[in-house]
Amino acid sequence: MQQLIETIVKPLVDFPDDVRVKKDEQESRVTYKLSVNAEDMGKVIGKQGRVAKAIRTIVYSAAGSHHGKRVFVDIID
């Protein structure tokens, strides 16, 4: 899943080497924390959050049930 997020995000940004995805797994949820260069933050979020919402939709769909755990994507600065 981390590679999927990187594959989606890297073509969108000017600094693809700064894209980082960390996995935080708990009992009932898996959270992927996405960080990018500060200059690329607007590109990843998009107007009115549309790009971020699209990224989350793709990840949620690809994750399916993920062994009974909910999957979340957080964009951190």
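**Salt bridges, strands and a positive patch**

The side chains of Lys-69 and Glu-25 come together in a salt bridge, with 2.6 Å from N to O. Because Lys-69 sits in the loop between α3 (50–63) and β3 while Glu-25 belongs to strand β1, this pair ties together parts of the chain that are 44 residues apart in sequence. The model is a predicted one, and a search of the whole structure turns up three salt bridges.

Glu-25 has a second partner too: Lys-23 forms a salt bridge with Glu-25, and here the closest N and O atoms are 3.4 Å apart. Put together, Lys-23, Glu-25 and Lys-69 make up a linked network of salt bridges. As for how open these side chains are, Lys-23 comes out at 43% relative accessibility, so it counts as partly exposed. Glu-25 gets the label partly exposed as well, because its relative accessibility is 42%.

Away from that network, Asp-14 and Lys-43 also meet through their side chains in a salt bridge (2.4 Å, N to O). This pair again links distant parts of the chain, with Asp-14 in the loop between α1 (2–9) and β1, Lys-43 in helix α2 (residues 41–45), and 29 residues separating the two. Asp-14 is exposed, since its relative accessible area is 52%, where the cut-off for exposed is over 50%. Lys-43, at 35% relative accessibility, counts as partly exposed.

Turning to the strands, how do β1 and β2 run relative to each other, parallel or antiparallel? Strand β1 (residues 20–25) and β2 run antiparallel and are joined by six bridges. The two strands form a hairpin, with three residues between them. Along this pairing, Arg-20 stands opposite Ser-35 of β2, and Asp-24 has Thr-31 in β2 as its bridge partner.

On to the next pairing: β2 is joined to strand β3 (residues 70–76) by seven bridges, and these two strands run parallel. Ser-35 turns up here again, this time with Ile-76 in β3 as its bridge partner. So much for the pairing itself; what about burial within β2? Val-30 is found in strand β2 and, at 0% relative accessibility, counts as buried, given that buried means under 20% relative accessible area. The C-alpha atoms of Val-30 and Lys-69 are 6.6 Å apart in space, although these positions lie 39 residues apart in sequence terms. That brings in Lys-69 once more, the residue whose side chain meets Glu-25 in a salt bridge.

The surface also has a charged feature worth pointing out. Which residues form the positive surface patch? Lys-22, Arg-29, Lys-33 and Arg-70 do. Lys-22 lies in strand β1 and is exposed, because its relative accessible area is 61%. Arg-29 has its place in strand β2 (residues 29–35) and counts as partly exposed, with 30% relative accessibility. Lys-22 and Lys-33 are eleven residues apart along the chain, yet their C-alpha atoms are separated by 5.1 Å.

One last detail concerns the backbone. Gln-48 has a positive phi of about 55 degrees, even though this residue is not a glycine. Gln-48 is placed in the loop between α2 and α3. Is Gln-48 buried or exposed? At 74% relative accessibility, Gln-48 counts as exposed.

Conventions: Residues are numbered from 1 along each chain as its sequence is written. This is a predicted model: local features need pLDDT of at least 70, side-chain atom pairs count only at pLDDT 80 or more; totals for chains, interfaces and linings use all residues. Side-chain values use heavy atoms; hydrogens and water are left out. Patches are made of residues with over 30% relative accessible area and no salt bridge: like charges are joined within 9 Å, nonpolar side chains (Val, Leu, Ile, Met, Phe, Trp, Tyr) within 5 Å. Accessible areas come from the Shrake-Rupley method with a 1.4 Å probe; for residues, only the protein chains shown count as cover. A salt bridge is a side-chain nitrogen of Lys or Arg within 4 Å of a carboxyl oxygen of Asp or Glu. Lys and Arg count as positive and Asp and Glu as negative; His and the chain ends are not counted. The place of a charge is taken as NZ of Lys, CZ of Arg, CG of Asp or CD of Glu. Helices (H or I, at least four residues) and strands (E, at least two) are DSSP runs, numbered from the N terminus. Buried means under 20% relative accessible area, exposed over 50%, partly exposed in between (1.4 Å probe, protein chains only). Two strands pair if DSSP finds at least two bridges between them.
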